[in-house]
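Open the model in your viewer and keep the sequence panel visible. This tour tells you what to select and what you will find there.

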Amino acid sequence: MLSSIRSRLWISYLLVIIAALTAIIGTTITNLSRNPLFYRQAVLRLHVAHSTLLSEILNDEELSFAGLKRLIQQSTEFEGIRYALISITGEVLYDSSAGVYPPIPEFSSPPPTTGIDPIAFDTFRDIDRKSWIYVLQPTKDNTYLLAASRQPVVEIRTLLRDEIVQPMVKGSLMAMFIAFALGLFMSIWIGNPLKRLADGARQIESGEYPILEKEGPQEIQELAESLNQMSRRVQQTEKSQRDFLANVSHELKTPLTSIQGFAQSIQDGAASTPHELMQAANVIFDEASRMHRLVLDLLTLSRLEEGTANMQFLPVDLSMILDQIDEKMQPQIQTAGLLIKKLIQPDQFVMGDGDSLAQVFTNLMDNAIKFTPRGGLVTLRVYSAEDSVIASVTDTGTGIPDNEERRIFERFYQVDKSRRGGSSRGIGLGLAIARQIVISHKGEIWASSYPGKGSTFFVKLPSHEKTNVKEHWQNQ
Ligand code: ADP
């Protein structure tokens, strides 16, 4: 029962109310029991009796000490108040209740008077630790008249019963009622959206992807948003896994069908002349090579994505890498009938794996050659920009439609699959591999293109200062 948020909220409200009530009742009782309000009656009585006796004493000029004691004694018997005469040194000269009560302790010299305020009083304790309230005023012959009575004991039980418990019980009942009502409201306010979230999470687990409404307190709304994001991501991952499987099967099916067809034509004698046999063998070889390339590319990509690709990060000169690629690819450039222009600033160092970076620009150059018609121009640029080095490959080829400039970096994405043909047709993994390599170098890659006019592929990498390069090699 206590496991639900609802009951816990209720109980916490109840506990808070009980704690608050206990604190309030405790402090009220302590304060009330010390409150002079309860002694006011007794103090007033003392004042009246004291001032009557005092004026009697002061008015009788011929009053002897024996007469004074008698007068005091009479007043005590009549009013039931304890009187005493105190000397200027604080000594008790006469106590009307001597022997009845424990003696009055000595006062300081001169004795501290209690003032003329009708509620002014002070207290002393006798040797039985009983408290007395008293008023003290000077009378004649350097003596002081003290009137005292026992401090009334406030009956805590009566106080509790009459003054506190009843109103408090009423208040507590009301507070508990409010607590229950608030607890119920809070538990509905917090509990219900949470329950909906739990239901939603269960649905995600079972393969449905509901969009959870953002309602209830802020934190629960944020949780709903996170769950929605998570479910979108799970959906995306599932979709990309399905796409991946479909793409791989499709890419393998085409060459396998060719291989099967040509192998069968050899088997059943349809290809019999040396020329036909050679043609069938070439197709089988090309398609097998293509499948081999596909498998290698997939392995590279998965190693890059997993972060297990064996890369060695060293300072490398990007200008030199592009120069070497240009040199290496001259035969293809010439076969394709393209011109090449190089705008390369020397000594553009980055921290990276030389072979992987060379792979990035080989893929970009491959595409530039593949998608640029004869007579076109391919421009290679390397330049520094603030803390980065930017290298770009520009062609005057077919270009890429605006809405596909980002998608071409996805696995197997090809703008126009029908454009493919022959053994050199692409697989759609070149840019995905390039992107992963650039990401693992903490860089960026993007394309900018004018359909029908050409494209530029940019690679931006954090630059590595030349001084650092020297230091790096010195430390080796
Ligand atoms: P592949 O070249 O093997 O098809 P990529 O991943 O290298 O795969 O490229 C994906 C797609 O991006 C290509 O099929 C093509 O449609 C488009 N593309 C890439 N580079 C260029 C380019 N320079 N000009 C025009 N389209 C390009």
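**Stop 1: the sheet**

Select Val135 in strand 4: opposite Val135 stands Ala147 in strand 5. This is a predicted model, in which local features need pLDDT of at least 70, side-chain atom pairs count only at pLDDT 80 or more, and totals for chains, interfaces and linings use all residues. Residues are numbered from 1 along each chain as its sequence is written, and side-chain values use heavy atoms, with hydrogens and water left out. Helices (H or I, at least four residues) and strands (E, at least two) are DSSP runs, numbered from the N terminus.

Now widen the selection to 131-138 and 143-150. These are strand 4 and strand 5, antiparallel and joined by 7 bridges. Two strands pair if DSSP finds at least two bridges between them.

Show the whole open sheet next. Its 5 strands follow the order 2-1-5-4-3, with antiparallel pairing. Strand 2 (92-95) and strand 3 (122-125) are the edges, each pairing on one side only. Neighbouring strands are turned by 30° against each other on average, direction ignored.

**Stop 2: the hairpin**

Select strand 1 (82-87) and strand 2. They form a hairpin with 4 residues between them, and 3 bridges pair them in the antiparallel sense. Ile86 stands opposite Val92. In the turn, Gly90 has a positive phi of about 95°.

**Stop 3: helices across the sheet**

Add helix 2 (residues 40-59). It lies across strands 1, 4 and 5, at about 30° to strand 4. Angles run from 0 to 180 degrees between N-to-C directions, with axes fitted to C-alpha atoms, for helices over the stretch in contact. Helix 3 (residues 65-79) lies across strands 1, 2 and 5, at about 150° to strand 1.

**Stop 4: unusual backbone**

Most residues other than glycine have a negative phi, and most peptide bonds are trans. Go to the loop between strand 2 and strand 3 for Pro110. The Ser109 to Pro110 bond is cis, with omega near -10°. Next, find Arg129 in the loop between strand 3 and strand 4. Its phi is positive, near 65°. Arg129 is exposed at 59% relative accessibility (exposed is over 50%, buried under 20%, partly exposed in between; 1.4 Å probe, protein chains only).

Which loop holds Lys442? Look between helix 10 and strand 11 (444-450). Lys442 has a positive phi of about 60° and is exposed, at 71%.

Conventions:
Contact = heavy atoms within 4.5 Å.
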